[in-house]
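Please find below my notes on the model, set out as numbered points for discussion. They begin with a salt bridge and then move outward to the surrounding elements and the chain as a whole.

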Amino acid sequence: MSRPDTPPGTSAAIGAALYGLATRAARRLPRDMSLTSAATLATLDRTGPRRITDLAAVEGVTQPAMTTLVRVMEESGLVERRGDPSDKRVTLVCLTEAGASYVRTRRQAGIHAFERLIGRLTGDEVDALVAALPALEHLAELEGQHREGPKR
């Protein structure tokens with residue numbers, strides 16, 4: 001949906017460009033784990049420990065599928081389960097240092113890939129991206145709020 005003061009088709013064109021960029025970037029990521037596993041680790045990195053049911057909702061999978069995914073990542077040393085200090089009946093999934101390191105390394109590889117592409121742009125194009133940076137950051141913030149819901 002466009003704002004009333006935006007020329008017709010502008011929001012759709014921006015959306016298409018961002019979607020195309022995001023999907024192409026996702027295809028270039030290392031295939032050492034599923035996108036759902038990598039996204040789950042990134043969610044834990046951003047939001048902190050979460051319940052399996054919360055992670056399933058955020059990542060758009062069933063609770064049994066998330067339970068299996070967490071078990072596999074736990075066996076790999078990327079996450080661990082801990083009791084919730086505020087409610088002893090609850091188990092939270094937490095990143096281990098190895099999981100946090102994986103997220104940092106993957107994020108840095110993505111940043112470097114975009115840096116290389118940005119290095120191929122003209123000065124005016126880089127200036128346009130710099131000018132758009134606050135809006136892009138706000139867009140990411142809005143999407144994160146929509147997708148992840150409240151922290152626990």
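1. In this predicted model, the side chains of Arg81 and Glu74 meet in a salt bridge, with 3.0 Å between N and O. Arg81 is partly exposed, at a relative accessible area of 33%, and Glu74 likewise counts as partly exposed, its relative accessibility being 30%.

2. A further pair is found within helix 4, which comprises residues 63-75. There Glu75 forms a salt bridge with Arg71, and the closest N and O atoms are 3.6 Å apart; the two residues are separated by four positions, or about one turn of the helix. Since the cut-off for a salt bridge is 4 Å, the pair is counted because its separation falls within that limit. Glu75 is exposed, with a relative accessible area of 59%, whereas Arg71, at 39%, is partly exposed.

3. Glu80 and Arg82 form another salt bridge, and here the closest N and O atoms are 2.4 Å apart, a value that I would ask colleagues to look at in the model. Glu80 has a relative accessible area of 28% and is partly exposed; Arg82 is partly exposed as well, at 43%. In total the structure holds seven salt bridges, among them the pairs Arg81 with Glu74, Glu75 with Arg71 and Glu80 with Arg82. Side chains of opposite charge can pair when their charged atoms come close.

4. How does the length of helix 4 compare with what its 13 residues should span? At 1.5 Å a residue the expected span is 18 Å, and the end C-alpha atoms are 18 Å apart, so the two values agree.

5. Helix 4 has two sides that can be told apart by burial. Met66, Leu69, Val70 and Met73 are buried, and because these residues cover an arc of only 100 degrees around the axis, they lie on the same side of helix 4. Pro64 and Glu75, by contrast, are exposed on the other side of the helix. The cover over the buried residues of helix 4 includes helix 2 (35-47) and helix 3 (52-59), together with strand 1 (79-84) and strand 2 (87-95).

6. Both ends of helix 4 deserve a comment. At its start, a side-chain oxygen of Thr62 reaches to within 3.1 Å of the backbone nitrogen of Ala65. After its end comes Gly77, a residue whose phi is positive, near 80 degrees.

7. Gly77 also takes part in a contact with Thr96, a residue found in the loop between strand 2 and helix 5 (97-118). A polar atom of the Thr96 side chain lies 2.5 Å from the backbone oxygen of Gly77. Thr96 is buried, with a relative accessible area of 15%, and, leaving aside residues up to four places away in sequence, Thr96 touches Gly77, Leu78, Val79 and Glu80. Glu80 is thus both a neighbour of Thr96 and the salt-bridge partner of Arg82.

8. Helix 3, one of the elements covering helix 4, is itself largely enclosed by the rest of the structure, because six of its eight residues are buried. The buried residues are Ile52, Asp54, Leu55, Ala56, Val58 and Glu59, a list that includes the acidic residues Asp54 and Glu59. Helix 3 is followed by Gly60, whose phi is positive, near 75 degrees.

9. For the chain as a whole, the model shows six helices and two strands, arranged from the N terminus as α-α-α-α-β-β-α-α. The C-alpha trace spans about 55 × 35 × 25 Å along its principal axes. Of the 152 residues, 26% are buried, and the chain exposes about 10400 Å², with carbon and sulfur atoms supplying 60% of that area. Among contacts with a sequence separation of 6 or more, 50% come from residues 24 or more positions apart.

10. A last point concerns His138, which is found in helix 6 (residues 123-148) and is partly exposed, with a relative accessible area of 41%. From C-alpha to C-alpha, His138 and Ala98 are 30 Å apart in space, and 40 residues separate them in sequence.

Notes. Residues numbered from 1 in each chain as written. Predicted model: local features only at pLDDT ≥ 70, side-chain atom pairs only at ≥ 80, totals over all residues. Heavy atoms only, no water. Buried < 20%, exposed > 50% of the residue type's maximum accessible area, 1.4 Å probe, protein only. Expected span 1.5 Å × (residues − 1). Arc of directions from axis to C-beta. Contact = heavy atoms within 4.5 Å. Polar contact = N/O pair within 3.5 Å; in protein donor to acceptor, adjacent residues only side chain to side chain. Areas by Shrake-Rupley, 256 points an atom, 1.4 Å probe, with all protein chains shown as cover.
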